[in-house]
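Open the structure in your viewer and get ready to select residues. This tour goes stop by stop.

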Amino acid sequence: FFLLSIFIFLGNIPFNLSLLTIIILLYSSFLIILKNEYFFYLIPAFILLSPIFGSYNLFGFNLLLTDYILFFSFIILISRYGTKFSLPKQSIYLFLILISFVGFHILFGNIINFKPIFSLTEIMLIYWIFIKLKAKIDLDKFLKYLIYSVLIASFLMILSFYNGINLNDFSGDSSELILNKSDYNPSIYRMSFFYTNFPLILSFALFSAIYFLRNFKSKYLRIINIITIIFLAISIVFSGNKTAMLSVILV
């Protein structure tokens, strides 16, 4: 579904993106109801690719597909475990400190809306859900889902660049991207993505792929994994993020 969505977003496949959004929501909801831990396997793809499907205004917040799935997962957990869904005291204290910190900045006019508190709440929800489901979560499986999600996002980054779409706009509107060898401009060369820290996630996926290299006994799977490693490394270079490139070289 997510691989299909990037080609629909780029206009290569004639299909209604809103209809695909509904299909993904229904399918993901079914998986989460069936097995709660599936939320964690899906979250990398939702976080990286949700902007494709656009944002929806609710109570003054522009919510993405990720936001709906996150809160739906939390509601399912609460309904399933009820009062047994206890929260670690340390995380509650940390959450209160973070809210107080944001509130302090709102008081002095440094922050003009409550979106930071909303974002912090989501981060804490992910942490609480992980604490509750950590016994059921297969870390290797999660990392494989992460690598696959980052690969799809890398395809989107590269194909968007060559289709003249600036993903930094967050709306997918076309903009002219011209490479002129005689007048090289590094800012034009860099490929954009919805999130500026995507190259750091790329490097993490690269290290995860290297970690799995020793686990594949089949030569065919090893070749696929090596191709994945090379493609992720090239994607980091295409992103133009010097910090990510240097960290990868050092590690």
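The stops below run from the whole chain to single residues.

**Stop 1: the whole chain**

Keep in mind that this is a predicted model. Show the chain as a cartoon. Count the elements: there are 11 helices and 2 strands. Now trace them from the N terminus. The order is α-α-α-β-β-α-α-α-α-α-α-α-α. The two β elements come after three α elements, and eight α elements follow them.

Switch on the surface. The accessible surface of the chain is about 14800 Å². Carbon and sulfur atoms account for 68% of that surface. Of the 251 residues, 39% count as buried.

How far apart in sequence are residues that touch? Take the contacts between residues at least 6 apart in sequence: 71% of them join residues at least 24 apart.

**Stop 2: two helices side by side**

Select helix H1, residues 2–9, and helix H7, residues 139–162. Two packed helices are described by an angle and a distance, both taken between their axes. Here the angle is about 10°, and the axes lie 10 Å apart. Angles under 35 degrees count as roughly parallel, so H1 is roughly parallel to H7.

Show the side chains at the contact. From H1, pick Phe2, Leu3, Ile6, Phe7 and Phe9. From H7, pick Tyr148, Ile152, Phe155, Leu156, Leu159 and Ser160.

**Stop 3: a nonpolar patch**

Go back to the surface and color Phe1, Leu4, Ile13, Phe15, Leu19, Ile23 and Tyr27. Together they make a nonpolar surface patch of about 590 Å². Which helix gives the most to this patch? Helix H2, residues 17–34, does, with 3 residues.

Zoom in on two patch members. Ile23 is in helix H2. Its relative accessible area is 31%, so Ile23 is partly exposed. Tyr27 also has its place in helix H2. Tyr27 counts as partly exposed, at 44% relative accessibility.

Now draw a distance from Tyr27 to Phe1. These residues are 26 apart along the chain. Their C-alpha atoms are separated by 9.8 Å.

**Stop 4: a buried serine**

Stay on helix H2 and select Ser28. Is Ser28 buried or exposed? Its relative accessible area is 4%, and the cut-off for buried is under 20%, so Ser28 is buried. Show what touches Ser28, leaving out residues up to four places away in sequence. You will find Leu42, Phe46 and Ile69.

**Stop 5: a loop residue**

Move to the loop between helix H6, residues 115–133, and H7. Select Asp138 there. At 37% relative accessibility, Asp138 counts as partly exposed.

Add Tyr41 to the selection. Along the chain, Asp138 and Tyr41 are 97 residues apart. In space, their C-alpha atoms are separated by 9.0 Å.

**Stop 6: helix H10**

Find helix H10, residues 219–239, and select Ile229. Ile229 counts as buried, because its relative accessibility is 15%.

What is Ile229 in contact with, once neighbours within four places in sequence are set aside? The contacts are Leu206, Ala209, Ile210 and Leu213.

Finish with one more distance. Ile229 and Phe207 are 22 residues apart in sequence. From C-alpha to C-alpha, Ile229 and Phe207 are 8.3 Å apart.

Conventions. Residues numbered from 1 in each chain as written. Predicted model: local features only at pLDDT ≥ 70, side-chain atom pairs only at ≥ 80, totals over all residues. Heavy atoms only, no water. Patch = residues over 30% accessible without salt bridge, like charges linked within 9 Å, V, L, I, M, F, W, Y side chains within 5 Å. Areas by Shrake-Rupley, 256 points an atom, 1.4 Å probe, with all protein chains shown as cover. Salt bridge = Lys/Arg side-chain N within 4 Å of Asp/Glu carboxyl O. Helix = DSSP H or I, 4+ residues; strand = E, 2+ residues; numbered from the N terminus. Buried < 20%, exposed > 50% of the residue type's maximum accessible area, 1.4 Å probe, protein only. Axes fitted to C-alpha atoms, helices over the stretch in contact; angles between N-to-C directions. Parallel < 35°, antiparallel > 145°, perpendicular 65-115°, else oblique. Contact = heavy atoms within 4.5 Å.
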